[in-house]
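Notebook open, model loaded. I want to look at a pocket first, then step back to the whole chain.

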Amino acid sequence: STTPSGDNVLPDPVRAFLENLNRRLGKRTVYEMQTMYESEFNKLSERFFKTVSWPDPEVVAPLVNHNENFLLLYKELYFRHVYAKLEPTIDDHFDSFQNYIDLFNLILGMEPLEPAFELPSVWLWDMLDKFIDQFQSFHRFRHRVTELSDDDKKMLRENPDIWSAPTVIKYMHAFVRKGGLEFNKPIEENAEEHKDESIHAMFKTLAYFSLVGLLRVNCLLCDYASALHALDPLDLRHNKHILTQVLTCHVSLYYYMGFAYLMTRRYVDSIKIFSYFLTYAGRNRHNISRNVNADAVNKKADEMLGLISMAYSLSPENLDETIMTDMKEKYGEKLEAMQQNRDMAVYEELFTKSCPRFITYSAPNYDGEANTHGDTLATQWKLLSNEIKSRLNFPDIYNNLRLFTSVSTPTLAGFVKCDESSVHTELMKLKHKTWNLRWIGGAPNDGKWLSSAEVDYVIDQDMVHVAERSLVRRNGEYFIRTVLKLNEIASDLRRRQ
């Protein structure tokens, strides 16, 4: 690697950290390893390696008696630091990919009940999460063709399978199987597999984390149906705690699941998923602020708020009062512009700001003179904008239908300023667009076909009979929220006394 690295002479605190981590790995003291991983590694990185990489693995090897297992894990941390703090070179992209393959093969080859080592849950999740981050980073790197040297282009042409999507997805599926989960089994059977004592808890945890990894990878590749199918073995009502134990996994699950619903026109489900996490984040703001990844989590929550604003403008639903307040505070005028005027510029701004950084997977033209890493974003926005444009007349039709219990189509045509045949077309389109699959339990891709229309109506020849849908006020939620707020104030007062 040509990445600038720290001195070959290891500072004493770094030497002590590496020796201690190697010792803890051998003794399987997972709790102590978690403290070292979450706290000490970041502090040492900030103190000694702010602008350079951690020491080369070859320098570290004698310190840990050439422990191959430890060195594979160390290299994973080493490259992760390079990607986070420095500018990775093409050699870093290649070397990190090979290290992940070696590390994953080692884990998959372990005995189901007696792994060679144990890692804390947060490290397991970060390992998979950063694997996907680097997959994403590599494809953005190779599509910036104007910034590639001739040697870079030559290496990329000669290695077309480096960081390939099939390889990334293959390893995620392998981890799912290693943990005893299967996609063609009913949820109940997979839940029983989780209790199987012939599989070590680390592999079970890794399997569930891999489901979220598959959800994310498929979203980045714009395959939203496969993204939701990836969660088929997961019972969100009973086994969710496995994924919520790591905050960054928790936020990834709800962000990408909500986004997949949004892009498949399941706006009600999208609102429900985003609402769940935003409500959770609001009630646990103090705990989140103490987490080492608080900034990343809060950024994702802001993106969710942008996406739920889009979904709400397209399919208004009952929302938690706190979320509604946050939405109006941050996007007040924009929300009104989307709801009343279908302002496409506002939609585009929110989508661009809040969507994932998509992967343009097809190989670029290395002889071209234009960077193409943003092509997929443009394509996804075009698809969504076409859907939004097809709903441009809905607010006007809703507003006029609310005026009547029954109205003739010629009269309605006069109100919405179009001819009678166009009114019939718009009314049928409104029926079609608001008839959506809605999750009521089971696998995320399952659901029941229900109407999300704000008003219900029947067309009988040239008459339209209207029955407005009444939104149920959730008074219970208001009282629960007020009681929780009172408890927070009381606790705060007790602390100050």
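Entry 1, the lining. I went to the second largest pocket and counted 29 residues lining it. Gly282, Arg283, Arg285, Thr322 and Asp326 are the ones that lie nearest its centre. A reminder to myself that this is a predicted model.

Entry 2, the elements. Which helices give two or more residues to this lining? I get helix H14 (267–283), helix H15 (285–289), helix H16 (294–314), helix H17 (321–341) and helix H23 (475–496). H23 gives the most, with 10 residues in the lining of the second largest pocket.

Entry 3, volume and chemistry. I noted a volume of about 910 Å³ for the second largest pocket. How do the residues of its lining divide into nonpolar, polar and charged? My tally reads 11 charged, 9 polar and 9 nonpolar.

Entry 4, the whole chain. I stepped back and found 23 helices and 5 strands in the chain. The C-alpha trace spans about 85 × 65 × 50 Å along its principal axes.

Entry 5, burial and surface. The chain has 497 residues, and I see 51% of them counted as buried, with under 20% relative accessible area as the cut-off. The exposed area of the chain comes to about 24,000 Å², and carbon and sulfur atoms supply 50% of that.

Entry 6, contacts. I took the contacts in the chain with a separation of 6 or more and asked what share comes from residues 24 or more positions apart. Such residues account for 72% of those contacts.

Note on methods:
Residues numbered from 1 in each chain as written. Predicted model: local features only at pLDDT ≥ 70, side-chain atom pairs only at ≥ 80, totals over all residues. Heavy atoms only, no water. 1 Å grid on protein atoms, 1.4 Å probe; cavity = no way out; pocket = protein on both sides within 12 Å on 5 of 7 lines; lining within 4 Å. Points joined across faces, edges and corners; volume = space filled by probe spheres on them. Helix = DSSP H or I, 4+ residues; strand = E, 2+ residues; numbered from the N terminus. Nonpolar A, V, L, I, M, F, W, Y, C, P; charged D, E, K, R; others polar. Buried < 20%, exposed > 50% of the residue type's maximum accessible area, 1.4 Å probe, protein only. Contact = heavy atoms within 4.5 Å. Areas by Shrake-Rupley, 256 points an atom, 1.4 Å probe, with all protein chains shown as cover.
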